[in-house]
Amino acid sequence: MMYSFSRCFVNINVCVSPAGDGCGPSVLGPSSGTLSSLDNPRTHPSDTVCEWEITVPRGKRIHFRFALLDLGDSDCQVNYLRLYNGIGSKKTEIVKYCGLDQKVDELIESSGNQVTVQFRSVMHRTGRGFYLSYSTTEQSDLITCLDKGSDFPEAEFSKYCPAGCLTSTEKISGTTPNGYRESSPLCVAAIHAGAVSNAAGGKITVVSSTGIPHYEATLANNVTSTVGILSKNLFTFKTDGCSGTLGLESGGIVDSQLSVSSVWDWNTTAGEHVVWGKSGARLKKPGLPWAPSPSDRQQWLQVDFRREKRITAIVTTGSDRIEYPYFVKAYRVLFSKDGKEWHFYRETNSSQDKIFQGNMDYQDKVRNNFIPPIEARFVRINPTSWEQRIALKLELFGCVPGGKGSYFSVVFSLPDVVLMAVLVPVAVVVLTALILTVACVCHWRNKKKSAEGSYDIPYWDRTVWWKSMKQLLPSKMMETEDSVRYSTPEVSRLAGRSAVPSLHAEPAEYAQPLVSGVTTLGARSTFKPDEGPEPGYSDPDLYDAPIPPDVYHPYAEPLPSSGAEYATPIVVDMGCHLPSKVLNFVGPSSLLTWTDSSQSGGSVYDTPKNANGQTTPTQDLTYQVPQSVPPKPAG
């Protein structure tokens with residue numbers, strides 16, 4: 001019986017078995033990798049013997065996790081999968097598996113840094129083979145390339161993806177930033193998103209959220225996602241890398257920072273000069289892209305950032321003219337710190353220049369991530385394959401070394417975007433409401449202060465009002481510059497009743513008359529309320545006593561606490577004796593002289609009346625004697 005034998009070693013990055021061999025594609029990295037039988041999940045070929053030798057750095061150990069183990073229903077002596085500690089003749093068996101559809105949930109761990117994996121299969125009718133991943137034991141959260149987003153119910157979690165998950169045949173749906181359908185394999189989606197590389201694997205942080213009705217199909221990092229329909233949940237990835245645009249599309253990089261190997265130009269039959277110049281190489285810029293004059297592998301487009309940048313991704317497209325459907329299918333990337341010494345970009349654990357997957361048509365965008373990132377001032381794009389002729393537009397992403405730029409799509413997961421979309425309007429509304437509330441409170445307080453002011457008198461009336469109010473205040477509270485003291489015993493009559501004299505006196509012993517402009521009477525006012533003119537009254541003034549037109553009495557006697565509520569009349573001393581206190585009056589310049597009671601024509605004062613209108617003087621009333629005035633000399 002003839003057996004097909006294949007051996008892979010850790011220093012070989014990808015093992016590709018000969019045609020007809022049952023050993024599937026495998027990636028053996030120094031810290032993680034994947035191994036598989038051929039054609040899984042379909043039935044694996046018969047008559048196969050495969051062996052892999054894995055070595056990790058000294059002092060470390062290896063553990064394995066199975067995604068698929070279905071070796072058929074034949075004899076376990078000739079159909080099995082074995083794991084050994086060590087390599088060569090000194091290896092010792094760790095575990096042996098055989099049979100149909102084995103479930104191995106636990107991690108299988110080695111005792112040292114070297115392991116041998118053996119797979120043997122003879123004639124069998126069923127069995128899909130095996131698919132496993134491995135890593136060093138530090139990565140306790142190792143998963144397989146077949147684990148899906150729906151396998152983990154947590155809202156956010158971290159896992160470790162092994163290298164080589166593009167060996168999986170599983171499909172993904174979705175893209176960044178919208179997210180991936182929950183049925184997509186996590187590690188394949190992580191490669192598509194640029195969260196990890198296929199060559200090295202790595203740690204991923206996953207965020208789950210509510211699904212969307214439609215998932216887009218895009219090409220990125222050699223992975224083509226498919227269109228997906230509505231799902232209950234989706235997932236996205238978080239990274240802490242820098243992935244902001246570096247200025248080609250926005251114009252931050254000017255034309256003088258672009259260099260090209262050559263430019264294609266030509267004249268139309270109408271005499272128009274058409275140039276496919278370097279300025280057209282900006283992504284999303286309308287018009288013709290850059291195209292070199294000859295289309296060969298020596299052509300390039302160069303970007304000078306003028307200082308060192310950390311470059312993490314590139315997006316390319318071809319011509320957007322349907323009459324010129326040109327685009328680049330594949331390209332290499334070179335970089336330099338000084339513009340003289342150039343290096344081809346290579347993946348981790350690889351000694352070969354990386355050929356990047358380009359566009360599949362002339363209009364769709366294709367993204368490739370640099371893992372690890374490039375740190376350089378100069379970057380060159382060197383097309384290696386194209387459709388009809390080279391035509392290229394691009395944008396580069398990254399940041400300044402040591403810093404973090406604007407996050408690219410994988411940085412802001414969809415829940416973060418949704419949360420910001422909700423919080424920003426809410427914050428604006430709350431801030432606006434707070435400002436309006438403060439404004440209303442300030443307005444209310446100002447209005448309240450105005451209402452509590454001096455009778456809310458208009459500005460233009462306050463001077464007159466204050467002068468009128470001064471007569472109610474004691475002399476010590478008045479400004480002397482506004483007062484005129486009369487020392488003469490002569491008291492004059494006012495020419496009219498419209499102007500109220502200002503008073504300068506010692507603290508008043510009696511109630512003061514009402515002043516102009518103040519119409520409200522206090523609870524214990526000594527003045528009779530204005531109830532209309534009484535019979536015989538000729539002047540309905542605020543004083544409750546008829547006053548002859550040639551006499552003006554500015555004072556009224558205060559009422560006793562239990563007496564009548566009407567003003568007390570003032571009694572004139574007919575002997576012209578001086579009162580005990582001389583009151584000085586401030587008034588207009590035209591003064592009228594007091595007259596003798598004999599000239600006044602009878603009694604001009606009344607006494608308090610009872611309810612029947614009869615005079616009822618009380619014996620305890622004390623009447624003020626007004627100051628008499630000497631008779632005016634005849635002249």
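**Close-up 1. C76 and C98 make a right-handed link in this predicted model.** Start with the twist: the torsion about the S-S bond is 85°, and that makes the link of C76 and C98 right-handed. The two sulfur atoms sit 1.8 Å apart. Now look at where each partner lives. C76 is in the loop between β6 (62–70) and β7 (80–85), while C98 is in the loop between β8 (92–97) and β9 (108–109), so the bond ties together parts that are 22 residues apart in sequence. Buried or exposed? Neither word quite fits here: C76 is partly exposed, with a relative accessible area of 26%, and C98 is partly exposed too, at 21%.

**Close-up 2. C23 and C50 are joined by a left-handed disulfide.** Here the sulfur atoms of C23 and C50 are 1.3 Å apart. The torsion about their S-S bond is about -105°, so this disulfide counts as left-handed. C23 comes from the loop between β2 (14–15) and β3 (26–28), and C50 from strand β5 (residues 48–55), so parts that are 27 residues apart in sequence get tied together. Check the accessibility while you're here: C23 is buried, with a relative accessible area of 3%, and C50 is buried as well, at 0%.

**Close-up 3. C161 and C187 connect a strand to a helix.** Zoom in on the sulfur atoms of this disulfide and you'll find them 2.1 Å apart. With a torsion of about -90° around the S-S bond, the pair is left-handed. C161 belongs to strand β12 (residues 156–161) and C187 to helix α1 (residues 186–193), so to speak two distant parts of the chain, 26 residues apart. Both C161 and C187 are buried.

**Close-up 4. C440 and C442 are cysteines in no disulfide.** What is the nearest cysteine sulfur to C440? That would be the one of C442, 9.4 Å away. A pair needs its sulfur atoms within 2.5 Å to count as a disulfide, so C440 is left without a bond. Looking from the other side, C442 has the sulfur of C440 as its nearest cysteine sulfur, again at 9.4 Å, and is in no disulfide either. C440 is exposed, with a relative accessible area of 52%, whereas C442 is partly exposed, at 41%.

**Close-up 5. Stepping back to count the bonds in the model.** How many disulfides are there? The count comes to five, and among them are the pairs C23 and C50, C76 and C98, and C161 and C187.

Note on methods:
Residues are numbered from 1 along each chain as its sequence is written. This is a predicted model: local features need pLDDT of at least 70, side-chain atom pairs count only at pLDDT 80 or more; totals for chains, interfaces and linings use all residues. Side-chain values use heavy atoms; hydrogens and water are left out. Helices (H or I, at least four residues) and strands (E, at least two) are DSSP runs, numbered from the N terminus. Buried means under 20% relative accessible area, exposed over 50%, partly exposed in between (1.4 Å probe, protein chains only).
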